[in-house]
Amino acid sequence: MAKVTVQFTCSECGTTSGRWLGKCPGCGVFGSLVEELHGSPTESVAAVALKPIPIGSVRLEDADRISTGVAELDRVLGGGLVPGSLVLVGGEPGVGKSTLLLTALGAIARTGRRALLVTGEESASQVSLRAARLGGAESVDILAETELDAVCATLEAERPDVCVIDSVQTLHASALSSAPGSVAQVREAAGRLLRVAKAACVATVLVGHVTKDGAVAGPRVLEHLVDCVLQFEGDRYHEHRILRATKNRFGSTNELGVFEMTAAGLVGVPDPSELFGTTRAGEIGAAVGCVLEGTRPILLEVQALVAPSDLAMPRRQATGFDRNRLSMLLAVLGRHAGIALGSSDVFVNVAGGVRVDEPAADLAVALAIVSSHRGRPPAQRLACFGEIGLTGRLRPVGHAAPRLAEAAKLGVTEVVAPEGTAAAAFLTVRRADTLDAAIGLALP
Ligand SMILES: Nc1ncnc2c1ncn2[C@@H]1O[C@H](COP(=O)(O)OP(=O)(O)OP(=O)(O)O)[C@@H](O)[C@H]1O
Ligand SMILES: [Mg+2]
């Protein structure tokens, strides 16, 4: 039997110590020592040479994905859960992580696969209450357990196809003295579960809490260990929730899933443009942008408010849009379009709690700002896309055709786009070479 010892290791320089110290003796950093388990095998492992095999001869059926039955979740995962993979789902309290995963487990169990829910946060009866509300999750197996060894042993013995651990912060390795949810415990739990998931071929989903600034709580190392990191975002006070992958070893990280929270659980929104991309006719300070989230084009309403400021440093606030990018856009507007906003507060908001990172949204943000500044609404049924360069030129963006198709689907009749964008059926494409020209086209 291997002897297990507890050691404290500095997370900065790796110095180890037999007891906890406030200051690392190696590098002098305070509070960097974390508890770790070290196994010291008594018998050495015989070094046997193994035979590597060509990748081409690896059996491919092992990589068949398991559909979760939730189309939006499948999309974000890149087509379903990969057997034996480890997925981390993070999100604010109450955003609907447990609801989403219970729905998925129910659908997986209905296809004849074995689905197991390990719950540490809620009792079995609380989960069954939720299952009754959601419906269709009767054949999901449930285990209310927080002891890590017991969970791992159960997974090895039962070998379910999919297992959800809700949440990784409640798991507790008894060999470690620190409290559940501490860095050492979470790291140990994730490491052990990773080995079990790969060995027993159990697709494991870990639910993780997020810290105040939105990162998954626990060590960053958790994000390196797992195959996928999904973030479940959304305002708790809005019914829309957005699921996105921040890391995915088996698919794109740009995909986006949109859900609506209802009494019957989370319902996928297959057509988010309808929800987020419609402005009211004649509304001042609102523009519609065609942005691409992964492979999916969506129309988003961008709102802006320009108001006189009493401050020496006027406020620039953005929700759902990068603040630095907003500052840059304001500078370009001032320099190349003659719109000086140096003494105005500028607020920008992307509707529906969506966050856009794509530069193609620049034009919509600029148009919303100019519309608010001039007190005139953009032309009706108009959408736009294009990246704004520092020189004031409108730069072309990729995938123009799907953006135009999405706009046409929602009844947009006119799109302002960079020079070189191909024409499309059902709508007029107005091309502009500079930001100034684009403003002229959109704000008559
Ligand atoms: N009967 C209901 N009708 C509509 N929505 C409900 C109902 N019951 C719960 N909800 C919604 O479900 C949300 C809680 O979902 P869930 O428990 O899955 O969240 P969670 O992310 O797992 O939270 P935690 O981190 O606390 O475990 C609540 O915020 C609420 O909006
Ligand atoms: Mg929960």
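Reader: Which residues of helix H10 (residues 400-409) are buried?

Author: Happy to start there, with the reminder that this is a predicted model. In H10, the buried residues are Ala400, Arg403, Leu404, Glu406 and Ala407. The word applies to a residue with under 20% relative accessible area.

Reader: How do you know that the buried residues of H10 line one face of the helix?

Author: Look down the axis of H10: the buried residues fall within an arc of 160°, so they line one face. There is a general reason behind such a pattern: an α-helix has 3.6 residues a turn, so residues three or four places apart point the same way. On the other side of H10, Ala401 and Lys409 are exposed.

Reader: What covers the buried residues of H10?

Author: The cover includes helix H7 (272-276) along with four strands: S13 (286-293), S14 (296-308), S20 (414-418) and S21 (428-432). After H10 comes glycine 411, with a positive phi near 85°.

Reader: Strand S21 also holds arginine 430. Why is arginine 430 called partly exposed?

Author: Its relative accessibility is 35%. Buried would need under 20% and exposed over 50%, so a value in between is called partly exposed, and arginine 430 counts as just that.

Reader: What makes the pairing of arginine 430 with glutamate 414 a polar contact?

Author: Here the distance is set against the cut-off. The two side chains come to 2.6 Å, and a polar contact asks for N or O atoms within 3.5 Å, so the pair qualifies. Arginine 430 also touches Val415, Val416, Ala417 and Leu441. Glutamate 72, by contrast, is 33 Å from arginine 430, C-alpha to C-alpha.

Reader: Now the ligand. How do you know that threonine 99, arginine 133 and valine 95 have polar atoms within reach of ligand 1?

Author: Take them in turn. A polar side-chain atom of threonine 99 lies 2.5 Å from an oxygen atom of ligand 1. For arginine 133, a polar side-chain atom is 3.2 Å from a ligand nitrogen. Valine 95 uses a backbone N or O atom, 3.4 Å from a ligand oxygen. The cut-off is 3.5 Å, so these distances pass. Overall, the protein covers 65% of the 650 Å² of accessible area that ligand 1 has on its own.

Reader: Which element gives the most to the shell around ligand 1?

Author: That is H2, with three residues. Helix H3 (124-134) and strand S11 (256-262) each supply at least two. By type, the shell divides into four nonpolar, five polar and five charged residues.

Technical notes. Residues are numbered from 1 along each chain as its sequence is written. Chains are lettered from A and ligands numbered from 1 in the order in which they are written. This is a predicted model: local features need pLDDT of at least 70, side-chain atom pairs count only at pLDDT 80 or more; totals for chains, interfaces and linings use all residues. Side-chain values use heavy atoms; hydrogens and water are left out. Buried means under 20% relative accessible area, exposed over 50%, partly exposed in between (1.4 Å probe, protein chains only). The arc is that of the directions from the helix axis to the C-beta atoms. Contact means heavy atoms within 4.5 Å. A polar contact is a pair of N or O atoms within 3.5 Å; within protein, one must be able to donate a hydrogen and the other to accept it, and residues adjacent in sequence count only if both atoms are side-chain atoms. Accessible areas come from the Shrake-Rupley method with a 1.4 Å probe; for residues, only the protein chains shown count as cover. Ala, Val, Leu, Ile, Met, Phe, Trp, Tyr, Cys and Pro count as nonpolar, Asp, Glu, Lys and Arg as charged, and the others, Gly among them, as polar.
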